Structure formats: C-alpha cells, structure tokens
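Visitor: Could you take me through one part of this chain up close? I'd like to look at the sheet made of four strands.

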Amino acid sequence: MSNRRKFIKGGILGAVGAAIFPKIALSEGKKNPHSTNGFPMVISTWSHGIPANEAAMKVLLKGGSAIDAVEAGVRVPEADPESMSVGYGGLPDRDGHVTLDACIMDHTGNCGSVSFLQHIKHPISVARKVMEKTPHVMLSGAGALKFALDNGFPKEDLLTDKARKRWEEWLKDSQYKPIINVENHDTIGLLALDQNGDISGACTTSGLSYKMHGRVGDSPIIGAGMFVDNEVGGCCATGVGEAVMKTLGSFLIVELMRQGASPQEACEEGIARIVKNQNYRDMQIGYLAINKQGEHGAYSVHPWFNYALHQGGSSELIDSPFYIQK
Ligand code: SD4
C-alpha cells in the first residue's frame, strides 16, 4: 500500500477517497504554470479578515511582496479596538492584562515571533523585526517589550474601556468557561500568495480571553498557529491554541499537502487529529490552508468559523465546512 493510501485510510475523515493527487514540485519564485488566475490571493480568518485582506491586496496589486502584504493586512485588526481578540482593544487575561502573541513567516522560511508581549499595539511588526534584526526566532515577555521599545515602538495602554468593562463583568463569577465562537476565537491568521507565486503568513492575537497570566497560545508558535513552506503552501489556525499546539497543526497540514493532499483534505485531516484524542465538543478550532496554485481549504470543529478570501478581483466572507454534524 502506498504511503498516500495509508494516509487516507488512517484519517478519521478517510472517506475522502482514493484519488491520486499530483505532487507539487514548483521551484521557488516561479509562477505556477497550471494556474494563471490563482494569485495574487489573500485569505484570512474571521470577518475582520475582510479589511485585513483589502490592505494586504493593495500591497500585492502594486507588485509588493507577500511578506509586506501579510504584515500590512494584520495590522488593520491589531489597531481596531472593535477586534476584541487582536492587539489594541483585545480582551485581557484574568488579571486584567492584555498580553499579545504573534508570528510571521516568509517564502524563504525565515520567521519571527513574539509571545506574552504587553503594551505594543502591533506585535506583528515586532515579530518581523525579530525575524530581520536578530539571530533568534522568538522573543517573549519583558525581553520582547524591551526589544520593541529599543526599536522605536511606542508603549501604549491597550486595554480599552469596553474591554475593561467586559473583564469586570467576567470577574463577578470568574468562571473560565469560554463560549464557543463567541468569546474567544478571533485571532487573525492571514496567508498571501504574491504575483511571483511566493507565500508568506502572519498570525496575531490577544489569545484566549481571561486566560491565566503568562499563558501563551499557538499563535506565536511557528508550525502551530501558522506555517509556510514556499515549495508547498501555508496554513494558519484559530481557536483553542492548546489543541493546535498538541498536534502542531499548521506544520502538519503543510506536510500533508506536501504528500499530495489538497488544502481542503489537509485541513480536514488536521481537525481529525484533534477530534481523535481531545474533548473537541467544548472547543472550536479552525484551519485555513493554501497551496502554490492558489487553491485553498478550510475546516473547523464546530460551525460558525468563517474566513475572508480576496482572489480574482472579488472579496468575500465564506462559511467554513465543519466536523460536528448536529
Ligand atoms: C490562542 N488561538 O491564544 C488563540 C486564540 C484565538 O482564534 O482566539 N484563536 O489560543
């Protein structure tokens, strides 16, 4: 039995069939000869992905690179106080502190990230500086803050009145019982494929609201919250980060695509690995993936995950297919 067939048989969602998928073997930077209209494209999680995609697409249409596009894109919800799970205006941890996680990865495999960062509105830009200006991949906590300040990022109070009021409400019971899809799941993960056919990704979040102080999720972990391999594709995650970290979801999904899975099949298998071993009924996780052709896939545990797609001149919000059939 071929490896490909074993992979299909082993998956919970193995009924996807026994089709044989062509291996993706494009050289870096080369336009995909099979798809002339697949890129540029931008895809991102949740409805705040619509304005984020627009900002990213603006960069791409001017001939800009995917890495510039993903940074420009996710900076939009980072600065928007109405996006209450990202950057400024994000809901705090249980002690009232807004703590941010972010990562970024380019088409050469270079990457940077920050975790448990406070007081900086644009953690994605700090992550990019970590990538470009340090020999490291990840800076955390006080060290990440010092690095940001040293690099000219202003120190700001990120807790808005609206977020403070929500936290004060929560404090009355102090029950940590996240409501699926309502309180907790608006991380932005964004993937872009530029006019050269190169892929980059970014992921940024204030993490699970009312989390323990010091908790870091999947979003800044390269391979968990986001991963790009320019020979194959990219993936990003949203939802309960612990489940994504336990399965190294984004790396897994990119590797499945390398073995021949379509982005959709790979996302379904990524969710399958979670529901196999974890108490998935209480948590939402969603994945987005793209390949070099500009094809995409999306899958979540529960309904109500949606994503924004900007491709072929149109911008839309799409409901993801999901695992739980009620
Ligand atoms: C985390 N994955 O910190 C993030 C939470 C989130 O959409 O909001 N995801 O676990």
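Guide: Sure! First, a word on terms: helices (H or I, at least four residues) and strands (E, at least two) are DSSP runs, numbered from the N terminus. Counted that way, the chain has nine helices and twelve strands. Keep in mind that this is a predicted model.

Now to your sheet. Follow the strands across and you meet them in the order β7-β8-β9-β10, in an open sheet with antiparallel pairing. Which strands stand at the edges? They are β7, residues 226-229, and β10, residues 296-300. Each has a single partner strand, so one side of each is left without a neighbour in the sheet. Going from one strand to the next, the twist averages 10 degrees.

Let's zoom in on the β7 end. There, β7 pairs with β8, residues 233-239, through four bridges in the antiparallel sense. If you want a spot to click on, try D229, which sits opposite G233 of β8.

Next, see what lies against the sheet. Helix α8, residues 249-258, packs on it and touches β7, β8 and β9, the last of these being residues 285-291. The direction of α8 makes about 145 degrees with that of β8. Then look for helix α9, residues 263-277, which lies across β9 and β10. Its angle to β10 is about 25 degrees.

To place your sheet in the chain, glance at the other open sheet, where eight strands come in the order β4-β3-β2-β6-β5-β1-β11-β12 and the pairing is mixed. Its edge strands are β4 (138-140) and β12 (314-319), each pairing on one side only. In this sheet, too, the twist averages 10 degrees from one strand to the next. At the β4 end, β3 (residues 111-117) and β4 run parallel and are joined by three bridges; S115 is found opposite S140 in β4. A helix lies across this sheet as well: α2, residues 49-61, crosses β1 (41-45), β5 (188-193), β11 (306-311) and β12, at about 155 degrees to β1.

Finally, step back to the whole chain. Of its 326 residues, 59% are buried. Take the contacts with a separation of 6 or more: 66% of them are between residues 24 or more positions apart. As for the outside, the chain exposes about 13,400 Å², with carbon and sulfur atoms supplying 52% of that.

Definitions and conventions. Residues numbered from 1 in each chain as written. Predicted model: local features only at pLDDT ≥ 70, side-chain atom pairs only at ≥ 80, totals over all residues. Heavy atoms only, no water. Pairing = 2+ DSSP bridges. Axes fitted to C-alpha atoms, helices over the stretch in contact; angles between N-to-C directions. Contact = heavy atoms within 4.5 Å. Buried < 20%, exposed > 50% of the residue type's maximum accessible area, 1.4 Å probe, protein only. Areas by Shrake-Rupley, 256 points an atom, 1.4 Å probe, with all protein chains shown as cover.
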